[in-house]
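Thanks for asking me to look this one over. Here are my notes, point by point, for you to read alongside the model.

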Amino acid sequence: MVPAVLVGAMVFYASGATTHGLVVGPAMFIVAGSIDALITVPVLVRPAGGTYAEFYGDPGFWLVGVEFVCVVLAYWWLRVVPRRGESLGSSLDGPPKTSYEA
């Protein structure tokens, strides 16, 4: 799964997007889970006697979800944040602080 998630992250961020990895990773996992509901479960799991509950209740499915998020977050930290010219700490602290003179 790691190569597929990396390719997805590279394609998404190639357009210049800077969306946080903790937003992109879960979004990619939701899309993959939806495709599983439409294709994988009816075509592969149900004919073998499995159910949607068994498929989505399997800890391995959720481990893949954690993997999605971690891989996209790592890609974002290593490739996108440096491209934006920020340090890791500043990107996690929110918007830059400004001082206002009265």
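1. A contact here means heavy atoms within 4.5 Å. With that cut-off, and leaving aside residues up to four places away in sequence, Leu6 touches Val71 and Tyr75. Please keep in mind throughout that this is a predicted model.

2. Let me set the scene before going further into that residue. The protein has 5 helices and 0 strands, so its elements, read from the N terminus on, run α-α-α-α-α. Of its 102 residues, 27% are buried. The exposed surface comes to about 6,800 Å², and carbon and sulfur atoms supply 70% of that area. As for the contacts with a separation of 6 or more, 57% of them join residues 24 or more positions apart.

3. Back to Leu6, which sits in helix α1, residues 2-14. Is Leu6 buried or exposed? Neither label fits: its relative accessible area is 32%, so Leu6 counts as partly exposed, given that buried means under 20% and exposed means over 50%. Its C-alpha atom is 9.0 Å from that of Phe68, although 62 residues separate the two along the chain.

4. Gly8 also belongs to helix α1. Gly8 is partly exposed too, with a relative accessible area of 26%. From C-alpha to C-alpha, Gly8 and Val72 are 8.6 Å apart in space, while in sequence they are 64 residues apart.

5. How do α1 and α4 cross? Their axes come within 9 Å, at roughly 40 degrees, with α4 covering residues 59-84. Angles under 35 degrees would count as roughly parallel, so α1 and α4 are oblique to each other. The crossing is right-handed. On the α1 side the contact is made by Val2, Val5, Leu6, Ala9, Met10 and Tyr13. The α4 side contributes Glu67, Phe68, Val71, Val72, Tyr75, Trp76, Val80 and Arg83. By class, this contact of α1 with α4 holds 12 nonpolar, no polar and 2 charged residues.

6. Next, α1 against helix α2, residues 21-45: the two pack at an angle of about 125 degrees, and their axes are 11 Å apart. Perpendicular would need 65 to 115 degrees and antiparallel over 145, so α1 and α2 are oblique to each other. Here, too, the crossing is right-handed. The residues that meet are Val5, Gly8, Ala9, Phe12 and Tyr13 from α1, and Gly21, Val24 and Met28 from α2. This contact of α1 with α2 divides into 6 nonpolar, 2 polar and no charged residues.

7. The remaining pair I looked at is α2 with α4. Their axes are 8 Å apart and the packing angle is about 145 degrees. α2 passes α4 in a right-handed crossing. On the α2 side, the residues that meet α4 include Gly21, Leu22, Val24, Gly25, Pro26 and Met28. Among their partners in α4 are Phe61, Trp62, Val64, Gly65, Phe68 and Trp76. The contact of α2 with α4 has 14 nonpolar, 4 polar and 1 charged residues.

8. A last look at shared residues may help when you inspect the packing. Val5 takes part in the contact of α1 with α4 and also meets α2. Ala9 and Tyr13 likewise appear in the contact with α4 and in the one with α2. In α4, Phe68 is part of the contact with α1 and part of the contact with α2.

Methods. Residues numbered from 1 in each chain as written. Predicted model: local features only at pLDDT ≥ 70, side-chain atom pairs only at ≥ 80, totals over all residues. Heavy atoms only, no water. Helix = DSSP H or I, 4+ residues; strand = E, 2+ residues; numbered from the N terminus. Buried < 20%, exposed > 50% of the residue type's maximum accessible area, 1.4 Å probe, protein only. Axes fitted to C-alpha atoms, helices over the stretch in contact; angles between N-to-C directions. Left-handed = near helix turned anticlockwise from the far one by under 90°. Nonpolar A, V, L, I, M, F, W, Y, C, P; charged D, E, K, R; others polar. Areas by Shrake-Rupley, 256 points an atom, 1.4 Å probe, with all protein chains shown as cover.
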